[in-house]
Each structure stands twice: as structure tokens, then as C-alpha cells.
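Let's take a walk through this model together. Have the structure open and turn it as we go.

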Amino acid sequence: MTLPFYVVDVFAERKYAGNQLAVFQCADSLTTEEMQAIAKEMNYSETTFILAESLQNDGYPVRIFTPAQELPFAGHPTLGTAFILQQMIIQESVSTVRLNLAVGQIPVTLNYVERDIDALWMRQNAPEFGQRLSSETIAPVLGLSPDQIDDRTPIEEVSTGLPFIIVPLKNLAALQQASVDRTALFKLVETTEAKAILIFSPETRNLDNQLSVRVFVEPLAGVVEDPATGSANGCLAAYLVQHSYFGHSSDAKRGASIDIRVEQGYEIGRPSLLMLRAKKENEAFEISVGGKVILVAKGEFV
């Protein structure tokens, strides 16, 4: 039996940028151990497996693996897998593809230019805000000094299905300087639900973008830094509106909202662009993360 697969670049404006993803079709016969072994063989930050090519509860069952473990949710695998489902299985210009993941059903909206997919948007779960950390605690983990961290908003754990520690920095220089101390990170994540860190700066390389981001993943994930992280940026979107990072009306009924462009991946040679939309109204959140997906390769495992 052969196992067809596809390689796509997610949150990419061109080939060989963004975040790589391998998507395996016809994977229903694989065991968990086989999926994990294949993910390790591919050695991308994530690999996904489509378990059925027909709808189940109005969605397609999908599992997500890093080279080291299974994940309940991740952003760029969700968008990339929805792209492959539409292109290779559905083969019609549908407006929505729903993925049945461990965290629940995640809808992905597809925008088209004529018959070609222009961008995909995923709606993320409502955020949960966790513990806060001090700049003195987080700075040594990032190889920074506490005064390089922006104290206008907190250092905080946020989850929309997968938790991240969100760290605001003062400028692009601090973002570029950051280098994770692996030993310190191991020690830190023993005390936190989140095992990965997102740092962000209001200074950007591209003036069309509003924030620059880096994401350092958990020590056991099999990779060190992620080039484009949809799940983490969904957490960031929730954080930005929760703490009125860009400012908003004092009218509580109108709430806070953002519609921004975020750059990521430049430090590791995989420039990426993510689009974030979020709003909070009467304590209810709506969070979406969008971007482009580009097919790079296809083949078979034998």
C-alpha cells in the first residue's frame, strides 16, 4: 500500500518561505505509532494525517504530530490541511472546510480569486488566560535584560487550544537579539502550562506590517524556533484585544478589535506573513488567523 502525501508552505507569500507542512492522505489504516514515526521521518515542525475522505459530523478527521509528539491543535497545519482537502479531495470551490481535531471542530474559510484560493482563515476557540510571569523570570530564558521587555502589558499565558507564553518587547532589536537558553526554558516550563514562548515587537521590517513575532517551541517538540505559528498568533490576537494593546473606544458595548498583519520567521530564513482579526464584545471573543498556502511537492510513501 502506498501513502500519498503533499508538502505545502503555509503563511507564505512565495515558495520556500512560510512554515513547511506535510499532509498525508488515506491515513486511516495507520497506527498512532506509525504516524509518529512518519512525522519524525519528515522532520517538519508538524505533519498531519487525514483519516477520512468523507464528512464525519460535518468535518474531516485529522491528527497533528510534531517529530516528537501529537498535538491537539496547531495553526499552520489546520490551514495547510484544509487547503489539501479542498484541492485534492473536495475539488470544488467550497467556502468552508471543517477539521475535526482533538480540541474540537475548527472551521476554515476559503477566499478565492476566480477559481484559485487566495487566502484561508481559521476561526480559533475562545481564549483562556493563565498565569502571569515577571520580566525578571522570563528575561534570562530569552537572553535579554528585563528592561528590554515592555511593561505596559503583562507577560501572560494564553491558550486558544494550545497555550503559549506571550512576551511583549520594546523594539525590533530586542526581538532579533533574543536567543533561548534551553536549560532555563526546561526549568521554566516545569512551572507553566504553556511550553512555548511568543515574543513580539511593535517595530517591523516591512512597514505594511504592524507586529514582528518570533516563537520558540517547547524543548521536547523536536524543533527550536517556528517560522510561522497560527496557534500562537491566535493567542497573541486574543492578548492584544484583551489588553487594548493598540487602544480602543471606552464604550464597552463597542469593545476592542484588531485587523493586522504580522511578520515572522525572518531570523531563521523562512519569512512569513500572518493576518490576525479579533474582537472582544461583552466578554465574548472572535479570533481568526489567515494566510496563504502554496503547494510545493507531492509524492508517495511506500
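**Starting from a serine**

A good place to begin is the pair Ser-45 and Glu-46, whose side chains are joined by a polar contact of 3.2 Å. Keep in mind that this is a predicted model. Ser-45 sits in the loop between helix H1 (32–42) and strand S3 (47–50). Its side chain also makes a polar contact, of 3.2 Å, with the side chain of Asn-19. Is Ser-45 buried or exposed? With a relative accessible area of 10%, Ser-45 falls under the 20% cut-off and so counts as buried. If you look for Val-224, you'll find that 179 residues separate it from Ser-45 in sequence, yet the two C-alpha atoms are 9.2 Å apart in space.

Glu-46 leads us on to the largest pocket, since Glu-46 is among the residues that lie nearest the pocket's centre, along with Leu-71, Leu-162, Phe-164 and Glu-218. In total, 26 residues line this pocket, and its volume is about 290 Å³. Which elements give two or more residues to the lining? They are strand S5 (70–71), helix H2 (75–90), strand S11 (163–168) and helix H6 (230–242). H2 provides the largest share, with three residues. As for chemistry, the lining holds 12 nonpolar residues, eight polar ones and six charged ones.

Now follow S11 away from the pocket to helix H5 (residues 182–189), whose buried residues pack against S11 as well as strand S9 (128–133), helix H3 (135–142) and strand S12 (197–201). Within H5, the residues Leu-185, Leu-188 and Val-189 are buried. Why do they end up on the same side of H5? Because they cover an arc of only 85° around the axis. Turn to the other side of H5 and you meet Thr-183 and Lys-187, which are exposed. Thr-183 has a part to play at the start of H5 too: a side-chain oxygen of Asp-181 reaches to within 3.1 Å of the backbone nitrogen of Thr-183.

Last stop: go back to H6, one of the elements lining the pocket, and continue into the loop between H6 and strand S15 (256–264), where you'll find His-243. The side chain of His-243 is joined to that of Glu-156 by a polar contact of 2.6 Å. Leaving aside residues up to four places away in sequence, His-243 touches Arg-132, Thr-153 and Pro-154 as well as Glu-156.

How values were computed. Residues are numbered from 1 along each chain as its sequence is written. This is a predicted model: local features need pLDDT of at least 70, side-chain atom pairs count only at pLDDT 80 or more; totals for chains, interfaces and linings use all residues. Side-chain values use heavy atoms; hydrogens and water are left out. On a 1 Å grid over the protein atoms alone, a cavity is a set of points where a 1.4 Å probe fits but cannot get out, and a pocket is an open set with protein on both sides within 12 Å along at least five of seven lines; lining residues have an atom within 4 Å of a point. Grid points are joined across faces, edges and corners, and a volume is the space filled by probe spheres set on the points. Helices (H or I, at least four residues) and strands (E, at least two) are DSSP runs, numbered from the N terminus. Ala, Val, Leu, Ile, Met, Phe, Trp, Tyr, Cys and Pro count as nonpolar, Asp, Glu, Lys and Arg as charged, and the others, Gly among them, as polar. A polar contact is a pair of N or O atoms within 3.5 Å; within protein, one must be able to donate a hydrogen and the other to accept it, and residues adjacent in sequence count only if both atoms are side-chain atoms. Contact means heavy atoms within 4.5 Å. Buried means under 20% relative accessible area, exposed over 50%, partly exposed in between (1.4 Å probe, protein chains only). The arc is that of the directions from the helix axis to the C-beta atoms.
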